[in-house]
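Q: I should like to learn how the features of a protein model are read. May we take them one at a time, with the general idea before each case?

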Amino acid sequence: MTLKSQAYFWTATFSFLMVFIWLFKSILLPFVLGGGVAYLLNPLVSRMSSFGIKRWVSALIILSVFAAFVVLMLLLITPIAYREAVGLVNALPGYLDALWS
């Protein structure tokens, strides 16, 4: 392949990829997040497998702990975020009056 044909190929490939991402952006997020979680938790699964635990059991344990951690963080953060949002809504008229006067 000549340099010119390689440039055309990679330009077309990149353009196709960008159009694909743009068309399917609304449904790609769960797949990207799932791939990221799998990539980050794979070393733990491999470590547990090296101790003789079956891979599916170690994946189940790790994903259960990860899901519990996410739920715990949401339970801790949601009341704080709600209080802050209510405080902002209550203080917003004063902020806007100070800004406009």
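A: Let us begin with the angle between two helices. Angles under 35 degrees count as roughly parallel, over 145 as roughly antiparallel, 65 to 115 as roughly perpendicular, and the rest as oblique. Please note that the model shown here is predicted.

Q: At roughly what angle do the axes of helix α2 and helix α3 cross, and within what distance do they come?
A: The axes of helix α2, residues 25-50, and helix α3, residues 55-100, cross at roughly 130°. They come within 9 Å of each other.

Q: Which word, then, describes how α2 and α3 lie to each other?
A: An angle over 145 would be roughly antiparallel, and 65 to 115 would be roughly perpendicular. The crossing of α2 and α3 is at roughly 130°, and the two helices are therefore oblique to each other.

Q: Is the crossing of α2 and α3 left-handed or right-handed?
A: The crossing in which α2 passes α3 is right-handed.

Q: Which residues make the contact?
A: On the side of α2, the contact is made by V37, L41, N42, L44, V45, S46, M48 and S49. On the side of α3, the residues are R55, S58, A59, I61, I62, L63 and F66.

Q: How do the residues of the contact of α2 with α3 divide by character?
A: This contact comprises 10 nonpolar residues, four polar residues and one charged residue.

Q: Let us turn to aromatic rings. How many aromatic pairs does a search of the whole structure find?
A: The search finds three aromatic pairs. One of them is formed by F9 and W10, whose ring centres are 5.0 Å apart. Planes over 60 degrees apart count as edge-to-face. The planes of F9 and W10 stand at 75°, so this pair is edge-to-face.

Q: What sort of pair do the rings of F20 and F24 form?
A: The ring centres of F20 and F24 are 4.9 Å apart, and the planes are at 50°, so the pair is tilted. Ring pairs also join F16, F20 and F24 into a cluster.

Q: Are these aromatic residues buried or exposed, or do they fall in between?
A: The scale has two cut-offs: under 20% relative accessible area is buried, and over 50% is exposed, with partly exposed in between. W10, at 54%, is exposed, whereas F9, at 42%, is partly exposed. F20 is partly exposed at 37%, and F24 is partly exposed at 36%.

Q: May the scale be applied to residues in the helices as well? Where is M18 found, and how is it classed?
A: M18 lies in helix α1, residues 3-23. Its relative accessibility is 37%, so M18 counts as partly exposed. In helix α2 one finds P43, which is exposed at 52%. L29 is also found in helix α2 and is exposed at 53%. L99 is found in helix α3 and is exposed, with a relative accessible area of 63%.

Q: How far apart in sequence and in space are M18 and G94?
A: Separation along the chain and separation in space are read as two values. M18 and G94 are 76 residues apart in sequence and 45 Å apart in space, C-alpha to C-alpha. For L99 and S15, 84 residues apart along the chain, the C-alpha atoms are separated by 45 Å. The C-alpha atoms of P43 and T78, 35 residues apart along the chain, are separated by 30 Å. Finally, L29 and Y95 are 66 residues apart along the chain, and their C-alpha atoms are separated by 36 Å.

Methods: Residues numbered from 1 in each chain as written. Predicted model: local features only at pLDDT ≥ 70, side-chain atom pairs only at ≥ 80, totals over all residues. Heavy atoms only, no water. Phe/Tyr/Trp six-rings, centres within 6.5 Å; stacked < 30°, edge-to-face > 60°. Buried < 20%, exposed > 50% of the residue type's maximum accessible area, 1.4 Å probe, protein only. Axes fitted to C-alpha atoms, helices over the stretch in contact; angles between N-to-C directions. Helix = DSSP H or I, 4+ residues; strand = E, 2+ residues; numbered from the N terminus. Left-handed = near helix turned anticlockwise from the far one by under 90°. Contact = heavy atoms within 4.5 Å. Nonpolar A, V, L, I, M, F, W, Y, C, P; charged D, E, K, R; others polar.
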